[in-house]
Amino acid sequence: MDNCLFCRIVKREIPSKIVYEDDLVLCFQDIAPKAPVHLLLIPKVHVASLNDLKDEHKDVMAHLTMAIPQVAEKMGIKESGYRVVVNCGKDSGQEVAHLHYHILGGRSFGNTFG
Ligand code: 5GP
Ligand code: ZN
């Protein structure tokens with residue numbers, strides 16, 4: 001996807017602060033962090049949202065999910081805990097149409113949502 005922001009980050013056409021990368025996924029710091037640690041973990045393949053997942057994405061989505069604790073450990077929030085958020089569609093406020101996990105940590109969220 002030539003005009004997708006996160007695809008462009010994968011291709012290094014737009015700079016980002018990368019914290020983890022392998023063949024299938026990329027993790028980088030959110031440009032407007034909502035917590036001391038705020039990461040975006042994405043599949044390198046373009047998938048617009050959860051609603052666009054197909055059977056062919058099963059392996060990459062398993063890999064993406066398994067990367068969460070690895071990234072959390074690297075960033076020092078594995079033991080203290082963290083929140084993972086995925087927005088999907090208009091009502092969620094999803095701004096970037098490339099599936100991404102927000103990984104937030106470094107402070108307590110209590111048990112609040114919203
Ligand atoms: P969404 O609202 O789609 O779930 O989240 C999109 C996230 O991408 C937001 O938290 C926003 O701060 C972040 N973001 C938007 N543009 C950029 C960018 O150019 N670079 C980085 N690193 N993050 C971005
Ligand atoms: Zn994309």
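**Exercise 1. Describe the polar contacts between the protein and ligand 1.**

Solution. A backbone N or O atom of glycine 93 lies 3.2 Å from an oxygen atom of ligand 1, in a model that is predicted, where local features need pLDDT of at least 70, side-chain atom pairs count only at pLDDT 80 or more, and totals for chains, interfaces and linings use all residues. Residues are numbered from 1 along each chain as its sequence is written, chains are lettered from A and ligands numbered from 1 in the order in which they are written, and side-chain values use heavy atoms, with hydrogens and water left out. With a polar contact taken as a pair of N or O atoms within 3.5 Å, the next step adds glutamine 29, whose backbone N or O atom is 2.9 Å from a nitrogen atom of ligand 1. Histidine 100 instead uses a polar side-chain atom, 2.8 Å from an oxygen atom of the ligand. Of the 520 Å² of accessible area (Shrake-Rupley method, 1.4 Å probe) that ligand 1 has on its own, the protein covers 86%.

**Exercise 2. Work out which elements and residue classes supply the shell around ligand 1.**

Solution. The ligand is surrounded by 16 residues (a heavy atom within 4 Å), and the closest include Asp30 and His102. Helix 1 (5-10) and strand 2 (25-29) each supply at least two of the shell residues, where helices are DSSP runs of H or I with at least four residues and strands are runs of E with at least two. Helix 1 gives the most, with three residues. By class, the shell has eight nonpolar, six polar and two charged residues.

Definitions and conventions:
Polar contact = N/O pair within 3.5 Å; in protein donor to acceptor, adjacent residues only side chain to side chain. Nonpolar A, V, L, I, M, F, W, Y, C, P; charged D, E, K, R; others polar.
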